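Got your viewer open? Let's take a walk through this model, one selection at a time.

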Amino acid sequence: MRILCVAMLLLSVAPAASAQERVDLIIRGGTVYTGSDAPFVGDVAVSGDRIRAIGPRLDHQATRIVDARGMIVAPGFIDPHAHLGEQLASEDARTRLIPAFLMQGVTTALIGNDGGGDADAAAVLGRARARPVGINYATYVGFGSVRRAVVGEADRAPTAEELARMREMVAGAMCQGALGFSTGLFYAPQSFARTDEVVALAREAARRGGVYDTHLRDESSYSIGLAAAVDEAIAIGREAGLPVNISHIKALGVDVHGQAPAIIARIEAARQDGQRVTADQYPWSASGTSLVASLVPRWAQDGGREALLRRFDDATLAARLRAEMAENLRRRGGAETLLITAGRHRGRRLSEVAGSGDPIEAAIAAIREADASVVSFNQTDADIEAFMRQPWVMSGSDASAGHPRAYGSFARLYAEYVQRRRVLTLRAFIERSTALPADTFGLVGRGRLRPGAFADIVVFDPARYAAQATYEEPTRLATGVRTVLVNGVVVVENGALIGAAPGRGLAHVPPPGSCP
């Protein structure tokens with residue numbers, strides 16, 4: 001039976017090209033994980049931007065051979081949640097390569113998350129033609145961008161005319177190639193929207209084959225609570241008629257620690273009812289946010305930053321505002337758990353900034369200068385591992401400045417949770433980082449090593465692949481990646497970037513008849 005199974009595997013990855021055919025490149029002798037099949041020692045042949053053949057011993061002639069003996073060969077990793085819009089549009093050519101991702105073997109990223117996606121999806125996707133990039137990327141149309149453009153920063157429901165305009169914007173972005181509709185209902189002004197408003201806009205994405213990707217309204221106990229926020233996300237997907245992906249799933253803060261099993265049960269119930277519900281996760285116990293988002297109540301953000309600063313000086317609001325900020329700080333575990341990562345206080349905990357004084361007053365003083373980014377230590381290992389074990393949870397980074405997750409999430413997931421803690425197998429890690437996101441988000445031709453697929457490939461050393469970024473030094477590149485191909489072009493060779501920029505904007509194709 002074992003021999004039969006191996007024979008069937010080899011047939012499933014048999015070469016699509018004839019013997020002695022010349023190809024551009026062969027990756028020779030590595031342990032190949034295809035993204036969906038059992039691993040085997042063998043070769044991968046590439047011609048142009050596609051995989052030409054894959055098998056235990058390819059008899060092709062190649063212009064170039066990559067010796068992968070002792071290495072792992074896998075599909076290029078896909079990050080379903082990355083804040084890389086500015087880097088991909090940068091005037092600096094090296095920045096656009098996205099070195100932090102390529103040096104982890106990440107070849108594709110989804111941007112525009114948390115409701116931040118530009119409604120002009122065509123412009124976002126077209127930038128790679130004018131300014132070449134190192135990785136592939138797809139984009140969402142974001143609720144925050146749409147609502148801010150139509151309603152502004154106000155805490156109110158849209159008029160019927162405004163809702164119609166927002167629906168048109170979402171529909172237009174989907175027809176331009178947006179992958180789906182993203183929200184960040186935790187963040188003002190998105191937090192001011194009722195569920196029915198979100199459903200109305202999500203339906204426009206659903207009609208055009210999109211996905212609903214959401215930063216939950218509450219990952220903690222700020223407003224409706226974690227469980228109710230998960231229920232809301234599931235209800236939006238059900239009522240709008242589209243798949244749901246929960247961004248960076250977590251149980252954030254002391255009030256919800258230990259709730260992972262209950263949240264998993266809710267999602268499992270929805271899946272058993274036939275709904276498509278998934279999640280992505282980064283392998284860190286600290287999230288990344290800002291002082292305002294973590295501490296300031298949403299009502300105080302009504303009207304934007306200028307209105308917030310006036311409220312800080314309003315004596316009639318002082319007691320209420322500071323009391324609610326103190327409660328939010330308690331939720332996150334206290335002033336010691338907030339590490340400021342930008343501005344004058346960069347590298348210091350809020351407790352250090354406050355000294356013997358009041359941490360809330362210290363936070364307000366810092367916010368007056370700027371809304372500094374922070375790293376917030378707010379999760380438990382037990383919750384992280386419980387979510388991680390679920391087969392519907394994908395690897396991700398939520399890449400953002402000031403946090404090591406941009407430079408080390410995939411490498412840390414491997415070194416810490418595959419190698420050291422044994423939470424995931426190597427095969428599970430690879431499939432959650434490749435085929436699962438490709439299938440979830442409809443990235444045709446990506447996420448698997450098979451003939452005809454795009455040649456996005458990573459070769460890494462299983463003994464050396466690890467994150468080097470830390471909370472104190474968040475921009476250190478990962479180690480252990482030997483070779484990376486993006487669309488058939490070598491972009492990392494012998495463990496170093498070579499400057500090639502073959503990445504592409506990946507446009508979603510709506511169903512026929514759904515767009516003008």
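## Start in the hole

This is a predicted model, and its largest cavity has a volume of about 60 Å³. Searching the whole structure turns up one cavity of 30 Å³ or more. To see what surrounds the space, select Gln-281, Met-388, Val-393, Met-394, Ser-395, Leu-413, Leu-424 and Arg-432, the residues that line the largest cavity. Try colouring them by type: the lining of the largest cavity splits into five nonpolar residues, two polar and one charged. Which strand gives the most to this lining? That's strand E17, residues 393–395, which supplies three residues.

## A turn with a twist

Now click on Arg-422, in the loop between helix H17 (405–420) and helix H18 (426–432). Arg-422 isn't a glycine, yet its phi is positive, at about 60 degrees. Is Arg-422 buried or exposed? With a relative accessibility of 61%, Arg-422 counts as exposed.

Next, jump to Ile-98, in the loop between helix H3 (93–97) and helix H4 (99–102). Ile-98 is another residue other than glycine with a positive phi, near 60 degrees. This time you'll have to look inside, because Ile-98 has a relative accessible area of 4% and is buried.

## The sulfur bridge

Select Cys-175 and Cys-515 and show their side chains. A disulfide joins these two cysteines, with a distance of 2.0 Å from S to S. If the word is new to you, a disulfide is a covalent bond between the sulfur atoms of two cysteines. How many disulfides are there in the model? The count is one. Cys-175 sits in helix H7 (residues 160–175), while Cys-515 is in the segment after strand E21 (496–497), so the bridge ties together parts that lie 340 residues apart in sequence. The torsion about the S-S bond is about -95 degrees, so this disulfide is left-handed. Switch on the surface and check both ends: Cys-175 is partly exposed, with a relative accessible area of 29%, and Cys-515 is partly exposed too, at 24%.

## Along helix H7

Stay with H7 and put a distance label between its end C-alpha atoms. They are 23 Å apart, which agrees with the 22 Å that 16 residues should span at 1.5 Å a residue. Next, highlight Glu-162, Met-166, Val-170, Ala-171, Ala-173 and Met-174, which are buried in H7. Here's a handy idea for reading a pattern like that: an α-helix has 3.6 residues a turn, so residues three or four places apart point the same way.

What do the buried residues of H7 pack against? Their partners are helix H5 (121–130), strand E9 (141–142), helix H6 (143–150), strand E10 (180–184) and helix H8 (195–206). Follow the trail to H5, where Ala-121, Val-124, Leu-125, Gly-126 and Ala-128 are buried. The buried residues of H5 pack against strand E7 (106–111), strand E8 (136–139) and H7.

Just past H7, stop at Gly-177, which has a positive phi near 115 degrees. Carry on to Pro-189, in the loop between E10 and H8. The peptide bond from Ala-188 to Pro-189 is cis, with omega near 5 degrees.

## Last stop: Val-490

Finally, pick Val-490 in strand E20 (residues 489–493). Val-490 is buried, with a relative accessible area of 7%. Beyond its neighbours within four places in sequence, the contacts of Val-490 include Leu-25, Arg-64 and Ile-498. For a sense of scale, label the distance from Val-490 to Trp-299: their C-alpha atoms are separated by 50 Å.

Notes
Residues numbered from 1 in each chain as written. Predicted model: local features only at pLDDT ≥ 70, side-chain atom pairs only at ≥ 80, totals over all residues. Heavy atoms only, no water. Helix = DSSP H or I, 4+ residues; strand = E, 2+ residues; numbered from the N terminus. Buried < 20%, exposed > 50% of the residue type's maximum accessible area, 1.4 Å probe, protein only. Contact = heavy atoms within 4.5 Å. Disulfide = S-S within 2.5 Å. Expected span 1.5 Å × (residues − 1). 1 Å grid on protein atoms, 1.4 Å probe; cavity = no way out; pocket = protein on both sides within 12 Å on 5 of 7 lines; lining within 4 Å. Points joined across faces, edges and corners; volume = space filled by probe spheres on them. Nonpolar A, V, L, I, M, F, W, Y, C, P; charged D, E, K, R; others polar.
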